[in-house]
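Pull up the model and keep the sequence handy. What follows is a walk through some side-chain contacts, a sheet and a few helices.

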Amino acid sequence: MAEMVNVAVDAMGGDNAPAEIVKGAVEAINADKRVKVFLAGKEPVLKEELKKYSYDAQQLEIVHAPEVIETGEPPVMAIRRKKDSSIVKCMYLVKEGECDALVSAGSTGAVLVGGQVIVGRIKGVERPPLAPIIPNIEGVSLLLDCGANVDARPSQLLQFARMGSIYMESVIGVKNPRVGLVNIGVEEEKGNALTKEAYPLLKNCPEINFIGNVEARDIPFGKADVLVCEAFAGNVVLKMLEGVSDALVKKIKAGMMSSLRSKIGALLVKPALKQTLKDFSTEAYGGAPLLGLNGLVVKTHGSSKSVEIKNSILQCIAFKEQKINQKIKEQLVLED
């Protein structure tokens with residue numbers, strides 16, 4: 001019998017909490033019997049939401065957390081002062097070994113601070129990167145960092161590459177993943193001081209399949225499986241891709257409804273278009289893991305609906321079963 005994967009879920013975090021968070025948690029446990037969810041939040045509110053659904057009660061436990069960390073609060077202060085908040089309660093469940101992972105759509109700052117301060121870094125990891133999966137025409141890529149380390153050092157980019165390679169191969173199933181350094185040109189000498197210093201470190205690392213620099217325009221075409229950069233550049237790349245994707249969808253829909261002829265054509269292409277848009281949706285891939293911690297911390301979009309919460313919970317199964325943290329320790333602890 002497969003070992004249970006215990007996932008702490010911040011039920012009060014995000015724009016659509018608690019309704020969509022609770023719904024996603026129930027969908028996850030109904031989809032996979034290997035998962036048990038520890039739902040952290042205001043107990044009376046969560047019990048009322050859970051009345052809407054049918055599920056195996058043995059797969060879900062409520063953890064009463066009367067406080068909520070709001071998005072605009074200073075994260076360090078909030079983590080220290082709100083010990084009974086849903087995010088902090090989830091962090092301690094992971095730290096104390098009761099849960100293997102946590103999922104939150106709440107304050108990004110609080111998740112990042114709590115992950116490092118409460119859950120703690122794996123020995124040898126300099127900085128944990130936030131690593132979302134982004135779709136491309138070939139499949140998907142892992143982008144790291146996209147929000148945790150704005151001012152990274154070359155040695156940290158090397159660690160991002162190594163941890164990202166482990167994740168892509170073990171969780172996503174990409175063999176010998178291609179690692180690219182996000183830059184303003186493909187030539188080795190291009191870039192700022194950070195990328196120029198990081199390039200030879202990546203090039204001379206035998207543990208990764210480094211293919212050189214990758215320009216932003218090549219990212220949607222799947223040139224690399226692991227995209228390495230500091231968080232400022234990574235966040236710009238991520239938000240630009242999301243914005244362009246949303247703009248194109250709106251433009252296509254408007255064009256299809258512009259005339260009778262286009263409406264008829266829309267009916268013909270609707271099945272193929274629907275599948276294409278589904279392939280480029282980030283919801284299907286869950287949230288962004290904060291790699292390099294002693295437990296798995298997954299940050300989802302603040303606007304997450306139930307499907308993204310569900311998939312974020314389910315991605316924790318592969319993380320545990322593939323022993324990602326153990327593989328990271330085996331590679332990086334020797335550097336300490």
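Glutamate 49 and lysine 52 make a salt bridge, with the closest N and O atoms 3.0 Å apart. Bear in mind that this is a predicted model. The two partners sit in quite different surroundings: glutamate 49 is buried, at a relative accessible area of 14%, whereas lysine 52 counts as exposed at 54%. Glutamate 49 falls below the 20% limit for buried, and lysine 52 is over the 50% limit for exposed, so the two get opposite labels.

How many salt bridges does the structure hold? The count is 17. Another one of them brings together the side chains of glutamate 126 and arginine 153, at 3.1 Å from N to O. This pair links distant parts of the chain, 27 residues apart: glutamate 126 is in the loop between α5 and β5 (133-136), and arginine 153 is in the loop between β6 (139-144) and α6. Here both partners are partly exposed, glutamate 126 at 24% relative accessibility and arginine 153 at 46%.

Then there's aspartate 218 with lysine 223, where the closest N and O atoms are 4.0 Å apart. Aspartate 218 is partly exposed, with a relative accessible area of 21%, and lysine 223 is also partly exposed, at 32%. Elsewhere, Glu3, Asp100 and Lys320 are joined into one network by salt bridges that share partners.

Here are the three salt-bridge pairs side by side.

| Acidic residue | Basic residue | N to O distance |
|---|---|---|
| Glutamate 49 | Lysine 52 | 3.0 Å |
| Glutamate 126 | Arginine 153 | 3.1 Å |
| Aspartate 218 | Lysine 223 | 4.0 Å |

Now for the rings. Searching the whole structure turns up two aromatic pairs. In one, tyrosine 167 and phenylalanine 319 have ring centres 6.3 Å apart and planes at 50°; that angle is neither under 30 nor over 60 degrees, so the pair is tilted. The partners come from distant parts of the chain, 152 residues apart, with tyrosine 167 in helix α6 (residues 154-172) and phenylalanine 319 in helix α10 (residues 306-321). Both are buried: tyrosine 167 has a relative accessible area of 2%, and phenylalanine 319 is at 7%.

How are the rings of tyrosine 199 and phenylalanine 210 arranged, stacked or edge-to-face? Their centres are 5.1 Å apart and their planes stand at 80°, which is over the 60-degree cut-off, so this pair is edge-to-face. Tyrosine 199 belongs to helix α7 (residues 193-203) and phenylalanine 210 to strand β8 (residues 209-214), 11 residues apart. Tyrosine 199 is buried at 10%, and phenylalanine 210 counts as buried too, at 16%.

On to the sheet. Six strands form an open sheet with mixed pairing, in the order β3-β2-β1-β4-β11-β10. Which strands stand at the edges? They are β3 (60-64) and β10 (288-289); each has a single partner strand, so one side of each is left without a neighbour in the sheet. Further in, β1 (residues 5-10) and β4 (residues 101-104) pair in the parallel sense over three bridges. Valine 9 stands opposite valine 103 in β4. Helix α10 packs on this sheet, touching β1, β2 (35-41), β4, β10 and β11 (296-299), and its direction makes about 145° with that of β1.

Two other helices are worth a look. Helix α1 (residues 19-31) has 13 residues, which at 1.5 Å a residue should span 18 Å; its end C-alpha atoms are 18 Å apart, so the two values agree. Its buried residues are Ile21, Val22, Gly24, Ala25, Val26, Ala28 and Ile29. What covers them includes β1, β2, α2 (43-50), β3 and α10.

Helix α5 (residues 108-119) has 12 residues and an expected span of 16 Å, and its end C-alpha atoms are 15 Å apart, which agrees. Buried in α5 are Ala110, Val111, Leu112, Val113, Gly114, Gly115, Ile118 and Val119. Their cover includes α3 (75-81), α4 (86-95), β4 and β11. Just after α5, glycine 120 takes a positive phi of about 90°.

How values were computed: Residues are numbered from 1 along each chain as its sequence is written. This is a predicted model: local features need pLDDT of at least 70, side-chain atom pairs count only at pLDDT 80 or more; totals for chains, interfaces and linings use all residues. Side-chain values use heavy atoms; hydrogens and water are left out. Rings of Phe, Tyr and Trp (its six-membered ring) pair if their centres lie within 6.5 Å; planes under 30 degrees apart count as stacked, over 60 as edge-to-face and the rest as tilted. Helices (H or I, at least four residues) and strands (E, at least two) are DSSP runs, numbered from the N terminus. Buried means under 20% relative accessible area, exposed over 50%, partly exposed in between (1.4 Å probe, protein chains only). Two strands pair if DSSP finds at least two bridges between them. Contact means heavy atoms within 4.5 Å. Axes are lines fitted to C-alpha atoms, for helices over the stretch in contact, and angles run from 0 to 180 degrees between N-to-C directions. The expected span of a helix is 1.5 Å times one less than its number of residues.
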